[in-house]
Every structure is written in C-alpha cells, then in structure tokens.
Amino acid sequence: MTSPRRILLVDADAFFVAVARQEDPEGAGRAALLIVGGRPGSRGVVCSASYECRTFGVRSAMPISRALKLCPEAMCVPVPRQACSTRSKEIQAVLARFAPVVQASSIDEWYCDLGGTEALYGHEPLRDTAHRIRRAVFEATGLNVSIGGGTSRLVAKMAVEVAKPKPGTGADGVHCVAPGQEAGFLSTFRLADLPMVGPKLAEKLERMGLILVHEAQGWTEEALVSRLGDRAGPWLYRRVRGLDDSIVSPRDRQKQVSREDTFARDLDDDTVIERELLRLAVRVSSDLRRQALRARTVTVKIKDTDFRTRSAQRTLSAYIESEKSVLKAARPLLRQLRGKRRVPVRLLGISLSHFDDEPEALPLPATQLGLFAASPAAPVSAAAIDPEESPRDRALTRALDRIRDRYGSAAILPAGLVDPTHDTGPRVEE
C-alpha cells in the first residue's frame, strides 16, 4: 500500500519586514508600523508591511503615497534586496537538511516533499516534524516561518494560511491536514481563495450560486462539466476535494525574465520614454543571457499616470537574446500602447518569456569581431517586428557582456543612453 504524500509549504512570516528589521535594529527594528518598499515621497509601491500596518488597510502593491495616507505614522524603508536574497538561501539550506526535495516557489516560500522520511523521523506526526523545522530555521536565521502540511501542494498552500500566527488567531505557526481530511478542511474556504481560481472563474461560479467550497463539493463531476466544460469541470471537481497530483521538484522552470522602472516623475515625451525602453532592454537582455536563456515572447508594460496598467505582447518566429533584438521587438509594442492612449507614463517594463528548452551554447570566437558588416544590410520594413538574430549578433553581444563584467555595466552603452541632458530622475527598479 502506498503511503500518503507528506508535503509542506514553508512561508517566511512578513519576510521583507523581518529582514529590514534585522538589517536596521535601531531604526526599522523599533518601528511597529513599518512599510517596506520605498522612502516617503518616492514613487515606489509597498513590497510588504507589518501586521500592525495592515490593520490600517495597507497592502502589498499599494503606492507608498496611498499607504502613508492610510497609516501616516508608519516608517518607510527601501527593500534590503541583498539581505533578502541571503536570508532566503539560508532558509532553503536549513530546509534541505530535513527534506530530500525542496522547491523554492518564491523568495519567501518553499515546498518540501518529505516522502520516504517516515522512519528517519521515528514515524512522528507530520506536525511534529514541521515544528522542528520551524525551530531550526529560527535558530539559524532569526526569522520565523509558518508551515502548512498535507497530502498535496494545494492542501499545504491552504493550510499555511491557517498556520500563520496573526494577531488574534491563536495559531502557532504550523497547521497540518491529516490524510482523508482534505475535503473537510477545504470546505470552510471561499472558492475564490483556491489557487488558480481567478476572478473570471469565481464570478462565473457565483452566477451558478457557488461561493463557498462546500457548495461546489455538493455538485457531481458531470454537473460541473455540463456548466464549465470538459476541462474546467473535472479540474474544479478535484480541486475542491484537495486532489492535486502536482509534484515538488527541486527547481521550477523559469517562466519569465523581467525588468521595470517606476519614474520619479511621469514621462510624456516619446523620445524620453523610448530611451527608457532602451535602458530596460539592455538590462533585461543581460539578465536573460546570464541565465543561459533565449526568449520568443516579448511583453511591454505601461502604468499610466492614473495607475491604469496596460500591456502589449508579441511572440516572435525565432528565439532572441541580444539587447538589439529585444529593443527591435519591444519598440513597436510601446508605440502601439502609446498610440491607443496618450497620457503620461508612471511605470515602464519589459518581460521576456517562452524560453528555448535547450539553449545553444555559443562560445566566443577566437578572432576579434569587426564592428561593421562587410556590405550594407538590406533595409528593414517598418512593419517587420521579428528580429533576425545571427550567431554573429549573439557572439558580439556576449563579447560586450565580458567587457561589462570586467569594467562595469556602464563601460559600453548604446549611444541612445549616452545623453546627459535627459534625466528622468530616480527610478525604482522592480
């Protein structure tokens, strides 16, 4: 007989707030009301907020200015990015001592598969093992984590929300759902709370009279199929019962590489906006190459002055990796967005996705590359958005990477960025 799966989700409690307090014990460490994400007066957004701030309505992704109106006594500090990265790795190292398979879901969340460890831990309840893990993480890092457990990733994800020791809940940081109790545990949640039940599906279910999980549990699979279709029907039938076969793997496939900036002042000059697009193309393509990836899908994102977010996307006919190709694909998308709504731009971003499964390793050539082609290139139609990226283009780009690695990121820049007369002010990288 196969033993039930033993899956944990480890979630670092108010991670960015906790790390900021560790980094500045005399400042942020003494502030009960703490917002992490930017300085007062900045154009940044809230990355995280202390539980005390959340009682005022402060939430992640909220503009700093809005958060301070809700909680004017709060201290605001930038995200301690390097320290957060270090602490994340330290937590994962502790988890690897207890679980044979650990998968980072984000910088502050990890799935652990403890399958096959029953004898190692003396067949103790999963809850007891989770508490030992929690104590070990605190001893190693000084950070608290909450742990949800169950027979699937779905149940563990929902259980960790119950485990979090929020004020007034009486929770102790661990909540494990016993095998066979999955449906009963999930029955108390709203359908909209389930991972992957998005707003559109939740609205459709509400029109069907289904708001709570236990209401959907009363429907047969056939009835759900008749209303939701052959894909969503069976999926929801299993979902509301906690049935989830997805595995915990050591590393998730990367889904996208992105860069975006929030500007100190809104931009309305197309020339300046395109210069910022070029700056982002240089950075995001560098990130792509450092991970040995190539991408086919380019997305440009804009947040307008009224906080309306818009995006345009194009999937190319071939994989690209150079900043020149990224810019060539991104510029028409930006112009498309600007053409539809000409208002000042608060935020601009580029994301790359749809990666090559097996990126080709292109060694740098032994001979020096010329800067100019032997013969003039054929003119490119203004309507042609798909860049043709040759091995020569890629090799030249990687040669530039080597120079920047040695002499700094500003050692060689596109000519469009060497213009001291234009400055958009401080940018908040996200």
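Before we look at anything, let me give you one convention about angles between helices: those under 35 degrees count as roughly parallel, those over 145 as roughly antiparallel, those from 65 to 115 as roughly perpendicular, and the rest as oblique. Please also keep in mind throughout that what you see above is a predicted model.

With that convention in hand, let us turn to two helices, α12, which covers residues 270–290, and α13, which covers residues 323–340; their axes come within 9 Å and cross at roughly 140 degrees. The two helices α12 and α13 are therefore oblique to each other, and their crossing is right-handed. If you want to find the contact on the screen, look in α12 for residues including Ile273, Leu277, Leu278 and Arg289, which belong to the set that meets residues of α13, among them Val326, Leu327, Leu334 and Arg338. Taken by character, the residues of this contact divide into ten nonpolar, one polar and seven charged.

Now let us move to the sheet, and ask in what order its five strands lie. The order is β5-β6-β1-β7-β8, in an open sheet whose pairing is mixed. At the edges we find β5 (101–106) and β8 (174–176), each of which pairs on one side only, and neighbouring strands of the sheet are turned by 15 degrees against each other on average, if direction is ignored.

Within this sheet, strand β1, residues 7–12, runs antiparallel to strand β6, residues 109–113, and five bridges join the two; in one of these pairings, Asp11 has Glu109 in β6 as its bridge partner. Helix α4, residues 81–98, packs on the sheet and touches β1, β5 and β6, with its direction making about 10 degrees with that of β6. Helix α6, residues 153–163, also packs on the sheet, where it touches β1, β5, β6, β7 and β8, and its direction makes about 140 degrees with that of β7.

There is also a hairpin to examine, in which strand β10 (residues 295–304) pairs with strand β11 (residues 309–320) in the antiparallel sense over eight bridges, and in which Ala295 stands opposite Ile320 in β11. Four residues lie between the strands of this hairpin, and Phe307 takes a positive phi near 75 degrees.

Finally, a word on charged pairs, since the structure holds 23 salt bridges. One of them joins the side chains of Arg6 and Glu118, at 3.9 Å from N to O. Arg6 lies in the segment before β1 and Glu118 in the loop between β6 and α5, so this pair ties together parts that are 112 residues apart in sequence.

Note on methods. Residues are numbered from 1 along each chain as its sequence is written. This is a predicted model: local features need pLDDT of at least 70, side-chain atom pairs count only at pLDDT 80 or more; totals for chains, interfaces and linings use all residues. Side-chain values use heavy atoms; hydrogens and water are left out. Axes are lines fitted to C-alpha atoms, for helices over the stretch in contact, and angles run from 0 to 180 degrees between N-to-C directions. A crossing is left-handed if the near helix is turned anticlockwise from the far one by less than a right angle, and right-handed if clockwise. Contact means heavy atoms within 4.5 Å. Ala, Val, Leu, Ile, Met, Phe, Trp, Tyr, Cys and Pro count as nonpolar, Asp, Glu, Lys and Arg as charged, and the others, Gly among them, as polar. Two strands pair if DSSP finds at least two bridges between them. A salt bridge is a side-chain nitrogen of Lys or Arg within 4 Å of a carboxyl oxygen of Asp or Glu.
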